[in-house]
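Please look through the sequence and the 3D structure shown below, and then follow the paragraphs that come after, which take up the parts of the structure one by one.

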Amino acid sequence: MVVGQVAYATDLVVVGAGPGGYVAALRGAQLGRKVTLVDRDGAEGVGGVCLRVGCIPSKALIEVADLAARVNDASTFGLKAKLGGVDMAQFQTWKSTVVGGLTDGVRKLLGQAGVEITAGELRLTKPDEAVIHTSDEQAKFVKFKDIILATGSRPIELAGLPFDGKTILDSSDALDLGDLPNTVAVIGAGYIGLEIGIALAKLGSKVTLIEALSGILPTMDRRLVRPVEARLKELGIELHTESRATSFANGALAVETAKGGQAVTVDKVIVAVGRRPNTDDLGLDMIGISPDESGVLKVAADRRLAPHITAIGDITAGPALAHKASAEAVVAAEALSGKQTAFQPAAIPAVVFCDPEVATAGLSAEQAAAEAIDAQTVTFQLAASGRAATLNAHHGFLQLIADRANDAVIGVHIVGPHASELIAEGVLAIELGASLEDVALTIHTHPTLSEQYGEASHLGLGQPIHMSLVSRR
Ligand code: FAD
């Protein structure tokens, strides 16, 4: 049934309540706009993929898995502790409390800001009109002044392995497991597959990782990946590279490897082979806009697709990460509210919460060379860090890439414990145009992992403290 054929008039519509959409709604409201936030799941959808089934649930699982791994290693430190097992049902209860607390908090902020939340799937019909289809098959028409599209992405399904929520799982199902599988195959060794696979292995599952390309984290520099490969072996994770899973029947996953076909017997299969932007059902054709073949939208610096239409988050080019979506959200809301603004970060950090953690920001040595920048690379090995020794962490490093023309830090790459937190200083250094001397003169607390910044920058200046000049390139 179609109701409300006459469109009701609104000011700023935001589509999608993920970290892109809800931040855009809040910033729009701060700027005095009357904001309507439309999400397929209404108020329940607040937080989007990140808070509800992505960033937060996965980090909750990783935290528990790391704790289990530390208990298993406790005897090394003279601690008599034994892991008695894993109660996944209790983990899910705790995880729901974490997610519920965060999403409730965001809902409260939206309420206080006067943002109206509407449930339904929005589809554009004209450059200033859309239809919202609700779950009870009703349709409501809206006429808006401006719109911000933040509809995010969904997991890609493999033709021979359709998701069934029971045995063939997407990442959301995998983070919702009520029981720990004895055996599990994870297809795709990108960051999502790797994070979930390592966590399940630490909790006690026998994990087989299957990757079509020649190595794990295929888009990352191999030097960053090597310590993670070594840790996969320690955790007993079986890695099949240049291999493709094709189908699943009677508990066996058919895998094509370079050496021929193989059957891997597993209880569950997690497919994490990438995500596709939700741009296909948005009615973009009605306003003459086409995404590229991957579904990605190309936007202007202020995130505009058209004078009154912006797009942000996973549906736009660049890394599909929550912090990128939120940063774009502020730009889009401001641009549509008459401010001169642009999304031009000097660096967008990317973190893989695997073991050890990997974090990168800015240029690699190869990228600097490709941009004809004469850069030096300085690497401080974690083995020389006092704090790392007390954490029993020996594998990893912090690497700075600096432009020789002015010593400015243009890249930071970290492998090791808490790389996800440490990268923040590097991002700030890049964003502020800090030089190696600025970093070297910044006093870092002892004993902390952050001292690696001081050590690496001293090395770059030719005055190394806890290492020899040989480590400089
Ligand atoms: P989303 O969060 O995807 O939200 C889009 C919203 O739009 C959804 O609520 C959807 O229901 C709604 N919607 C879609 N179409 C319509 C429509 N037509 N009408 C109305 N509503 C619609 N990123 C990080 O930065 N760090 C991490 O550690 C991290 N971990 C992750 C772990 C996992 C397992 C996954 C899957 C993702 C992870 N990500 C992480 C990625 C992060 O979740 C996304 O980059 C982020 O959620 C994108 O935000 P968004 O606002 O673009 O869209």
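**A walk through the model**

Strand β15, which covers residues 252-257, is joined to β16 by six bridges, and the two strands run antiparallel. Keep in mind from the start that what you see is a predicted model. To find the bridges for yourself, begin with E256, whose bridge partner in β16 is G261, and then go to A252, which stands opposite T265 in β16. The link between β15 and β16 is a hairpin, and two residues make the connection.

These two strands belong to an open sheet of three strands, in the order β14-β15-β16, with antiparallel pairing. Because β14 (244-249) and β16 (260-265) stand at the edges and have a single partner strand each, one side of each is left without a neighbour in the sheet. Neighbouring strands of this sheet are turned against each other by 25° on average, if direction is ignored. In the loop between β14 and β15 you will find N250, which has a positive phi of about 50° although it is not a glycine. Is N250 buried or exposed? Its relative accessibility is 84%, and since the cut-off for exposed is over 50%, N250 counts as exposed.

A second residue invites a look beside N250, namely L217, which is not a glycine either and yet has a positive phi of about 40°. L217 sits in the loop between β12 (206-210) and α7 (222-234), and with a relative accessibility of 4% it counts as buried. These backbone angles are worth pausing over, because most residues other than glycine have a negative phi.

Another pair of strands can be followed in the same manner. Strand β23, residues 375-381, is mostly covered, with five of its seven residues buried. Seven bridges connect β23 to strand β24, residues 397-403, and these two run antiparallel; within this pairing, T379 has Q399 in β24 as its bridge partner.

Now turn to the helices, beginning with α8, which spans residues 322-336. This helix has 15 residues and reaches 21 Å from its first C-alpha to its last, close to the 21 Å expected at 1.5 Å a residue. How many of the residues of α8 are buried? Eleven of its 15 residues are, and the helix is therefore mostly covered, buried here being under 20% relative accessible area. Among the buried residues are K324, E328 and E334, as well as A325, V331 and L336. The elements that the buried residues of α8 pack against are β2 (12-15), α1 (21-30), β8 (146-149), β19 (304-306) and β20 (309-311). Just after α8 comes G338, which takes a positive phi of about 90°.

Helix α11, residues 419-432, can be read along similar lines, for it has 14 residues and reaches 20 Å from its first C-alpha to its last, close to the 20 Å expected at 1.5 Å a residue. Its buried residues include L422, I423, G426, V427 and I430, and what covers the buried residues of α11 includes β21 (350-352), β22 (358-362), β25 (409-415), α12 (436-441) and α13 (451-460). The helix is followed by G433, whose phi is positive and near 70°.

Two of the loops among these covering elements hold a cis peptide bond. One of these bonds joins D355 and P356, with omega about -5°, and P356 lies in the loop between β21 and β22. The other runs from H446 to P447, with omega near -5°, and P447 lies in the loop between α12 and α13.

The last stop is the ligand and its surroundings. The ligand is surrounded by 38 residues, of which the closest are G20, D39, K59, D314 and A322. A polar side-chain atom of D39 lies 2.7 Å from an oxygen atom of the ligand, while polar backbone atoms are found 2.9 Å from a ligand oxygen in the case of V49 and 3.3 Å from a ligand oxygen in the case of L321. K59 leads onward to another residue, E195, which is found in helix α6 (residues 191-203). E195 is buried, with a relative accessible area of 4%. Leaving aside neighbours within four places in sequence, E195 is in contact with K59, and also with S58, I62, V351, V352, F353 and C354.

Definitions and conventions:
Residues numbered from 1 in each chain as written. Predicted model: local features only at pLDDT ≥ 70, side-chain atom pairs only at ≥ 80, totals over all residues. Heavy atoms only, no water. Pairing = 2+ DSSP bridges. Helix = DSSP H or I, 4+ residues; strand = E, 2+ residues; numbered from the N terminus. Axes fitted to C-alpha atoms, helices over the stretch in contact; angles between N-to-C directions. Expected span 1.5 Å × (residues − 1). Buried < 20%, exposed > 50% of the residue type's maximum accessible area, 1.4 Å probe, protein only. Contact = heavy atoms within 4.5 Å. Near = heavy atom within 4 Å. Polar contact = N/O pair within 3.5 Å; in protein donor to acceptor, adjacent residues only side chain to side chain.
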